[in-house]
Amino acid sequence: MEGRMLLLAVLGSLISQAWTSSQTHQRHSELHTMHPWRRHSSGRVKRDWIIPPIRVLENSKQVPEDLVQIKSDKIFTGEVIYKLEGAGVDQEPKNFFEIDDKTGVIRSKRPLDREKHRSFTLKAFALSPSGERLENPTTIEIMVLDQNDNRPKFTQNQFEGLVAEFSIPGTSVMSVSAEDADDPMTENAMLSYTILSQESVPANAVTKTMFGINNQTGAIYTRDVGLDIEVVKSFKLKLQVADMGGMGLTSEGVAVIHVADINNHAPQFSPVKYNMLAVENRHDYEVGRVNVTDRDDRGTGNWEVKYSIYNDPHRSFSITTDPSNNQGILTVVKPLDYEAQYEHTLILTVENVNALSNKAPNVPESSATVIVTVVNENESPHFREDPIQIVVPESVVPGTILKSNIAYDPDNSELRYEISRDPERWLDIDRVTGNISVKRTFNMRSPHVKNNIYTAAVKVTDSGGVSTTATLTITLKETNDFAPELHPLSGTVCKDARKKNSGLILTATDKDLFPHAAPFIFEMQEEMSINWTVIQINGTHAMLQPLVDLETGEYAVAVLVSDSGSPVLGAIAQLNVTVCLCDSFGDCKSEAGAIFGATVGINFIALIIIMACIALLLLLLLLAVAITSCGGRRHIKKGTGRLLIGDSEDDIRDNVLNYDEQGGGEEDENAFSIDMLWNLHDAPSTPGSHCPVPGPRGKQPVRRDAPHNLPSPTYPRRPPADPTDIEDYINDGLEAADNDPNVPPYDTALIYDFEGEGSLAGSLSSIASCSSDGDQDYDYLNDWGPRFKKLANLYDPR
């Protein structure tokens with residue numbers, strides 16, 4: 001095992017704490033050598049020693065100075081190279097120490113400063129010439145020894161202190177402090193405080209020594225009596241601090257001690273009697289000021305005062321302090337009345353804000369007397385109440401006095417009254433007495449009456465021209481002035497209303513307000529109670545109902561309606577009642593509707609009309625077939641299967657026109673037959689033929705109730721390619737007619753009018769054909785579907 005470095009102290013005598021200053025400058029003639037790597041003879045490696053630090057005195061002027069030499073005693077053949085590293089060598093702060101790489105001597109290169117660097121920790125190495133580490137590194141610690149090279153300094157340029165006047169000896173005043181940069185564990189930093197001199201402000205006010213100081217702690221205290229702020233305001237002390245227990249380096253400082261005031265003087269009034277004037281009927285204004293003196297320090301609580309008022313039972317006055325001069329400000333806080341009391345005598349007292357010291361002289365409390373004389377002025381009149389409140393019924397008669405004795409004048413002068421605001425001009429007032437009376441009848445429905453309250457204003461003026469205005473509120477009590485009115489005065493009642501427990505609903509209105517209006521009572525007159533009755537529903541509604549089965553027609557019924565006022569007012573109203581047959585909705589219906597309404601509904605009637613339309617279309621189709629067979633049978637080839645075909649290339653059905661007229665229901669029964677089937681009854685026949693010729697087109701009936709501004713549906717214009725689809729063709733036309741919004745009612749038959757000119761089919765005079773059936777082939781009817789097979793069989797030549 002390699003040997004460990006053994007560090008020997010060679011400079012032990014140099015670092016002794018008992019060195020004298022002369023010894024610190026002597027250099028040892030011998031340099032001790034340390035063998036940190038020495039082995040035991042047995043070959044065992046010894047534990048690392050605890051190496052004491054090397055002590056070096058700061059501020060040494062003998063540099064460079066050898067400190068210690070290290071050697072390795074490991075047995076080997078060859079040369080050893082020593083190296084040193086760490087803070088102070090190759091690390092900051094650099095270049096304080098170095099080592100001789102051949103001899104192992106460690107030396108300092110320049111003076112050290114303990115206040116900057118108190119110690120250094122270095123590492124020493126033993127290397128072979130090739131750079132191989134021969135031993136483990138050894139730590140070397142260098143301690144810098146302190147010298148008394150720093151003066152003590154006070155922590156403040158000037159210390160401030162405060163001491164109360166009349167303080168007894170030994171009273172603590174303040175403490176001062178100082179610092180020393182030298183080692184606090186040595187006498188170099190052991191401080192001692194002293195007072196060098198004392199000055200008073202004002203100068204020479206006090207000549208005896210008033211303060212002392214603790215030389216170790218710096219605490220300043222009083223040594224004598226006689227601190228009076230009226231004599232001396234402050235003291236200035238010159239201080240000194242020294243290290244080495246007072247034997248070393250010194251510094252000076254200043255301490256200023258102010259004498260603090262105590263409340264040893266009570267405030268005094270000057271003078272003690274005052275006379276002031278105050279104008280009546282005014283408040284929150286200054287009447288006058290009082291003065292006091294106080295010998296305590298101005299601006300402190302010992303000087304500031306507060307006042308009190310006695311002999312003011314109504315608390316009409318108050319007094320405050322002006323902080324700038326301690327004057328008392330007397331103020332009127334409640335209006336004074338000259339007629340009630342023209343003079344007030346007040347007693348004022350004063351005291352300091354801070355409590356009086358027990359060292360103050362025993363003198364009686366100071367007081368002052370203030371006589372306040374009230375100055376009379378012309379006061380405005382006063383209303384006895386504002387607002388003036390009056391409650392009367394709305395029906396009060398004109399001339400009635402509503403209010404008297406409404407105002408008075410403190411100066412007992414004559415008053416003049418007037419109504420300053422009266423939007424409805426309902427009021428009158430006596431200009432001398434002020435009696436308020438009714439000029440016109442009140443109206444609760446006036447827009448100036450809000451929540452039954454009418455608001456006006458009254459003005460009163462005294463002989464000096466001073467006036468006052470008050471609000472006048474008149475609460476109007478509702479009276480029963482109007483009888484209720486029945487509604488409605490006409491209506492309908494179903495013939496079977498008694499069975500269905502229905503009838504005409506009645507109500508009433510009343511111009512009066514609560515409680516003279518609803519609830520209402522509905523009653524029948526005796527002569528009407530045989531056939532009619534009134535059933536009360538609630539406080540505002542009733543139902544008129546027949547007691548017996550009445551015939552349909554007009555009836556006059558008298559009903560009495562009464563309100564809930566006091567007294568009760570009622571009115572008889574005659575009702576014009578129509579008894580009629582009603583539908584399922586309770587609405588009256590016409591005679592025709594009444595007939596059908598007993599067995600069928602509106603949907604059934606619409607179905608009948610639709611079926612009639614279909615039958616009419618079929619009839620038109622048969623007529624077209626007959627016309628074709630009459631006028632153009634010679635142009636039809638047997639077996640071709642074509643229907644209604646002439647010389648023209650166009651299908652005769654192209655000439656059928658669609659009209660947006662669908663009848664008018666019951667009101668359009670006459671129009672339904674106009675121009676139907678091209679006016680067949682009036683059409684003239686052509687010479688030599690029994691077939692009628694189409695006459696001039698009749699005038700298209702115009703429905704008065706038709707909305708002609710809505711778009712009509714598109715009717716089918718051309719027949720289908722396959723004749724078997726004729727049924728769909730007809731149904732499409734019916735559907736378009738049924739959905740046409742421009743021809744109400746929408747459930748009536750479609751009206752057809754003139755359907756084209758120049759048809760090759762000829763004229764029609766009857767449904768029967770005017771030609772021989774033998775020349776016509778009707779086999780094509782079998783292709784039209786099962787509905788036309790019977791028609792085809794009728795014309796079968798077999």
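In the predicted model, S251 is buried, its relative accessible area being 16%, a value that falls under the 20% limit for that class. This serine belongs to strand 17, which covers residues 250-260. Its side chain reaches the backbone oxygen of P152 at a distance of 2.4 Å. Apart from residues up to four places away in sequence, S251 touches R151, P152, K153 and F154, together with L239, Q240 and V241, so that P152 appears both in this list of contacts and as the residue whose backbone oxygen the serine side chain reaches.

A second buried polar residue is N352, with a relative accessible area of 6%, which is found in strand 25 (residues 343-352). When neighbours within four places in sequence are left aside, the contacts of N352 include N263, H265, A266 and P267, as well as D294 and D296, and also G301, N302, W303, E304, V305 and K306. Two of these contacts can be described in further detail: the side chain of N352 makes a polar contact of 3.4 Å with the side chain of N263, and the side chain of N352 also reaches the backbone oxygen of E304, at 3.2 Å. As for D296, this residue is 56 residues away from N352 in sequence, while the C-alpha atoms of the two are 10.0 Å apart in space.

The residue T461, placed in strand 35, likewise counts as buried, at 9% relative accessibility. Beyond its neighbours within four places in sequence, T461 is in contact with P381, with E414, L415 and R416, and with V466 and S467.

Strand 35 (453-462) is also one of the elements that give two or more residues to the largest nonpolar core of the model, as is shown next. In this core, which has 26 residues, the members that touch the most other members are I406, F442, L472 and I474. The elements that supply two or more residues to the core are strand 28 (388-393), strand 31 (415-421), strand 32 (427-429), strand 33 (436-438), strand 35 (453-462) and strand 36 (467-477). In soluble globular proteins, nonpolar side chains tend to be buried together. The surroundings of F442 can be listed in the same manner as before: with neighbours within four places in sequence left aside, F442 is in contact with V392, P393, E394, V396 and L402, with W426 and L427, and with I474 and L476.

Two residues with an unusual backbone angle were found in loops. Most residues other than glycine have a negative phi, and most peptide bonds are trans. N405, however, has a positive phi near 50°, and is found in the loop between strand 29 (401-403) and strand 30 (407-408); at 48% relative accessibility, N405 counts as partly exposed. R425 has a positive phi near 55° and lies in the loop between strand 31 and strand 32, where, at 60% relative accessibility, R425 counts as exposed.

Cis peptide bonds were also identified. One joins E92 and P93, with omega at about -5°, and P93 lies in the loop between strand 4 (81-86) and strand 5 (97-99). Another runs from V201 to P202, with omega near 0°, and P202 is placed in the loop between strand 13 (192-201) and strand 14 (211-213).

Helix 5, made up of the 13 residues 726-738, reaches 18 Å from its first C-alpha to its last, which is close to the 18 Å expected at 1.5 Å a residue. The buried residues of helix 5 are I726, Y729, I730, G733, L734, A736 and A737. Seen down the helix axis, these buried residues fall within an arc of 165°, and they therefore line one face of helix 5. An α-helix has 3.6 residues a turn, so residues three or four places apart point the same way.

For the protein chain as a whole, 6 helices and 44 strands were assigned. Of its 798 residues, 39% count as buried, and the accessible surface comes to about 44900 Å², of which 51% belongs to carbon and sulfur atoms. Among the contacts in the chain with a separation of 6 or more, 69% are accounted for by residues 24 or more positions apart.

How values were computed
Residues are numbered from 1 along each chain as its sequence is written. This is a predicted model: local features need pLDDT of at least 70, side-chain atom pairs count only at pLDDT 80 or more; totals for chains, interfaces and linings use all residues. Side-chain values use heavy atoms; hydrogens and water are left out. A nonpolar core is a set of buried Ala, Val, Leu, Ile, Met, Phe, Trp, Tyr and Cys residues joined through side-chain atoms within 4.5 Å. Buried means under 20% relative accessible area, exposed over 50%, partly exposed in between (1.4 Å probe, protein chains only). Helices (H or I, at least four residues) and strands (E, at least two) are DSSP runs, numbered from the N terminus. Contact means heavy atoms within 4.5 Å. The expected span of a helix is 1.5 Å times one less than its number of residues. The arc is that of the directions from the helix axis to the C-beta atoms. A polar contact is a pair of N or O atoms within 3.5 Å; within protein, one must be able to donate a hydrogen and the other to accept it, and residues adjacent in sequence count only if both atoms are side-chain atoms. Accessible areas come from the Shrake-Rupley method with a 1.4 Å probe; for residues, only the protein chains shown count as cover.
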